[in-house]
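Here is a short tour of one fold, written for someone who likes to check geometry by hand. Have the viewer open and follow along.

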Amino acid sequence: MAAHRKPSRRSLNGSSARTAFTIALAGAATATGFDGTGHAEPELTPAQVKAKVDKLYQEAEVATEKYNGAKEKADAAERRLSTLRDEAARRTDKLNSARDALGSMAAAQYRDGGLDPALQLALSDDPDHYLEGAEFVDRAGTRQAAAVTGVRKQLREIEQLRGAARVELASLKARQAELKRDKKAITGKLDAARQLMSSLSPEERAGLGDSGRASRSGTGGRDDLGSATAEASNSRAAAAVSYAYAKLGSPYVWGATGPDSFDCSGLVQAAYRSAGTSLPRTTYAQIDAGRRVSRSELAPGDLVFFYSGISHVGIYVGNGQMIHAPNPSAPVRLAPIDEMPFAGAARVG
């Protein structure tokens with residue numbers, strides 16, 4: 001009998017050996033990536049941390065303006081939905097009164113020996129069946145026909161109102177989902193920025209500041225208020241500038257419109273609201289709320305916008321300065337308009 005032999009092992013050579021080596025390297029890289037024993041990333045310098053933090057704050061502000069826009073639309077949808085529901089309830093009360101009147105007619109007819117089919121239909125609890133059978137109106141007398149036609153019309157109006165309310169409800173739910181996504185994006189960016197800043201020592205964080213270019217405390221420049229309001233393009237602009245000066249030092253809170261905290265577009269909206277002018281909620285809508293002006297034409301009270309996506313806004317106060325709500329790391333303050341990429345300006349009439 002032939003002896004059984006164990007199958008011989010195939011040697012790893014050529015492409016097989018290279019493949020095995022590649023897999024081993026990949027496995028080692030994966031292992032070190034997940035168990036934390038690999039080489040750590042080079043430690044960032046304070047300047048690099050600041051650059052990353054500034055980028056995260058700018059991205060968070062883009063998300064904040066999206067949030068503000070979605071919230072504005074959600075609030076409008078909620079108001080429309082409430083109005084539609086109120087109107088539907090009012091029309092339903094009116095319909096019930098009309099049906100009660102038809103009931104009186106029906107009772108009288110029944111006492112006289114019969115109930116007109118049109119009245120039976122109008123008093124039915126099935127509006128769809130009623131609408132399908134509207135031809136029965138022709139069988140009623142003139143007075144009855146008018147009453148039944150009126151009920152029929154009210155039923156249709158109520159159904160239209162309910163249909164519009166369903167559309168608004170769907171719109172509201174979509175906006176609320178959008179708000180949830182934007183809020184998650186904002187908080188994620190802000191948390192990442194806080195973690196980066198916490199990696200620095202207190203001395204390093206203090207050293208970053210703003211290179212002395214802006215008034216962080218909010219107290220600097222108040223003596224310029226008089227000249228700023230005097231040079232404003234109109235009385236409402238002067239009132240908005242005065243409001244902005246009064247809010248120096250207020251904390252930045254995304255989504256806030258005052259009176260004690262603000263985000264950038266919220267500060268602008270609140271300042272002009274105090275002057276009797278209603279502005280849109282978002283930066284990308286506010287830039288179209290007034291007449292565009294060039295940088296060389298700027299006057300106190302003009303709105304100044306930054307970044308290509310129009311994601312930041314401030315109120316110009318003269319001498320190349322603005323008052324704005326920068327980000328969670330700093331309060332409402334004076335700052336030079338050249339500290340960010342200038343995107344345009346608008347003058348509110």
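## The sheet

In this predicted model, six strands form an open sheet in the order β1-β6-β2-β3-β4-β5, and their pairing is antiparallel. The edges belong to β1 (291–293) and β5; each has a single partner strand, so one side of each is left without a neighbour in the sheet. From one strand to the next, the twist averages 40 degrees.

For a closer look at one pairing, try β2 (residues 303–306) and β6 (residues 342–347), which run antiparallel and share four bridges. Here Val 304 of one strand sits opposite Ala 345 in β6.

## Helices on the sheet

Two helices are worth displaying next. Helix α8 lies across β3, β4 and β5, and runs at about 105 degrees to β3. Helix α9 also packs on the sheet, where α9 touches β2, β3 and β4. The direction of α9 makes about 50 degrees with that of β3.

## A closer look at α8

Does the length of α8 add up, and what span should its twelve residues have? At 1.5 Å a residue, residues 235–246 should span 16 Å, and the end C-alpha atoms are 17 Å apart, which agrees. At the start of the helix, a side-chain oxygen of Asn 234 comes to within 3.1 Å of the backbone nitrogen of Arg 236.

The buried residues of α8 are Ala 237, Ala 238, Ala 240, Val 241, Tyr 243, Ala 244 and Tyr 245. Their cover includes α7 (225–230) and α9 (264–274), along with the strands β3 (312–318), β4 (321–324) and β5 (333–336).

Technical notes
Residues numbered from 1 in each chain as written. Predicted model: local features only at pLDDT ≥ 70, side-chain atom pairs only at ≥ 80, totals over all residues. Heavy atoms only, no water. Expected span 1.5 Å × (residues − 1). Buried < 20%, exposed > 50% of the residue type's maximum accessible area, 1.4 Å probe, protein only. Contact = heavy atoms within 4.5 Å. Polar contact = N/O pair within 3.5 Å; in protein donor to acceptor, adjacent residues only side chain to side chain. Pairing = 2+ DSSP bridges. Axes fitted to C-alpha atoms, helices over the stretch in contact; angles between N-to-C directions.
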